[in-house]
Amino acid sequence: MSTSAVPAERLESFPVRVPVPTRWADNDMYGHLNNAVYYQIFDTVINGWLADHVGTSPVEAPVRGVVAESSCRFLAEVGFPDPLVVGLRVERLGHSSVTYVLGMFRDRADPVLVALGRWVHVYVDTATRRSVSIPEQLREVLHKAVPENDTSAAT
């Protein structure tokens with residue numbers, strides 16, 4: 001994707017929206033959020049949302065989503081004390097994996113997209129570490145993050 005092709009994502013295109021404060025410690029020596037912090041925020045938003053809606057901690061679950069792929073496209077600088085909102089949606093819901101799209105927005109009256117992430121979880125049995133089907137209770141929760149008019153996400 002060329003640098004001139006900026007995604008036209010809007011906060012409204014994400015069924016799940018999570019406010020995220022920035023911290024002074026998140027800034028790097030250049031005065032903006034360190035690149036690794038974006039990944040930490042995305043991981044926290046996904047797992048926090050799942051824990052809130054599934055009713056169990058990912059640490060205690062017999063089946064866990066492990067990251068098989070992740071990426072982030074940085075579109076604008078963010079730094080402390082910018083308040084953020086991260087939008088989350090399911091792009092693809094497979095048999096044993098789920099692909100998320102995450103939009104990070106500056107929390108303002110007219111939210112500005114500052115980063116666009118993609119995250120793939122493959123579900124594995126905690127004991128054997130082998131790929132397993134996404135449990136039905138979890139699948140039901142993941143359907144809540146599929147945009148209303150998107151019939152291609154759920155397979």
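# A guided tour of a predicted model

Begin by selecting Ile41, Leu50, Tyr100, Leu102, Met104 and Leu142, the residues with the most contacts inside the largest nonpolar core, which has 33 residues. A nonpolar core is a set of buried Ala, Val, Leu, Ile, Met, Phe, Trp, Tyr and Cys residues joined through side-chain atoms within 4.5 Å. Buried means under 20% relative accessible area, exposed over 50%, and partly exposed in between (1.4 Å probe, protein chains only). In soluble globular proteins, nonpolar side chains tend to be buried together.

The structure is a predicted model, in which local features need pLDDT of at least 70 and side-chain atom pairs count only at pLDDT 80 or more, while totals for chains, interfaces and linings use all residues. Residues are numbered from 1 along each chain as its sequence is written, and side-chain values use heavy atoms, with hydrogens and water left out.

## The cores

Next, colour β1 (16-20), α1 (35-54), β3 (84-93), β4 (97-106), β5 (112-125) and α2 (136-143), each of which supplies at least two residues of the largest core. Helices (H or I, at least four residues) and strands (E, at least two) are DSSP runs, numbered from the N terminus. The largest share of this core, nine residues, comes from α1. A second, separate core has seven residues, including Leu11, Val85, Val101 and Leu113.

Return to Leu50 and display what surrounds this residue. Leaving out residues up to four places away in sequence, Leu50 touches Gly55, Tyr100, Tyr123, Leu138, Val141 and Leu142. Contact here means heavy atoms within 4.5 Å.

## Along helix α1

Now select the whole of α1. The expected span of a helix is 1.5 Å times one less than its number of residues. For the 20 residues of α1 this gives 28 Å, and the end C-alpha atoms are 29 Å apart, which agrees.

At the start of α1, a side-chain oxygen of Asn34 comes to within 2.9 Å of the backbone nitrogen of Ala36. After α1 comes Gly55, with a positive phi near 90°.

Which residues of α1 are buried? They are Val37, Tyr38, Ile41, Phe42, Val45, Ile46, Trp49, Leu50 and Val54. The buried residues of α1 pack against β1, β2 (63-74), β3, β4, β5 and α2.

Select Trp49, which is found in α1. Trp49 counts as buried because its relative accessibility is 8%. Apart from neighbours within four places in sequence, Trp49 is in contact with Val16, Thr44, Leu88, Val141, Leu142, Lys144 and Ala145. Trp49 and Val18 are 31 residues apart along the chain, and their C-alpha atoms are separated by 8.3 Å.

## The largest pocket

Select Pro58, Ala61, Val63, Tyr123 and Leu138, which are the closest to the centre of the largest pocket among the 19 residues that line it. About 320 Å³ of space lies in this pocket. On a 1 Å grid over the protein atoms alone, a pocket is an open set of points where a 1.4 Å probe fits, with protein on both sides within 12 Å along at least five of seven lines; lining residues have an atom within 4 Å of a point. Grid points are joined across faces, edges and corners, and the volume is the space filled by probe spheres set on the points.

α1, β2, β5 and α2 each supply at least two residues of the lining. α1 gives the most, with five residues.

## Strands β4 and β2

Move to Thr99 in strand β4. Thr99 counts as buried because its relative accessibility is 5%. Beyond residues up to four places away in sequence, Thr99 touches Arg89, Val90, Glu91, Arg92, Arg118, Trp119 and Val120.

Then select Ser70 in strand β2. With a relative accessible area of 34%, Ser70 is partly exposed. Outside its neighbours within four places in sequence, Ser70 is in contact with Tyr39, Arg118 and Trp119.

## The loops

In the loop between β1 and α1, select Asp26. Asp26 is buried, with a relative accessible area of 3%. The side chain of Asp26 makes a polar contact with the side chain of Arg23 (2.7 Å). A polar contact is a pair of N or O atoms within 3.5 Å; within protein, one must be able to donate a hydrogen and the other to accept it, and residues adjacent in sequence count only if both atoms are side-chain atoms.

Proceed to Pro81, in the loop between β2 and β3. A cis peptide bond joins Phe80 and Pro81, with omega about 15°.

Finish at Arg129, in the loop between β5 and α2. Arg129 has a positive phi, near 65°, although the residue is not glycine.
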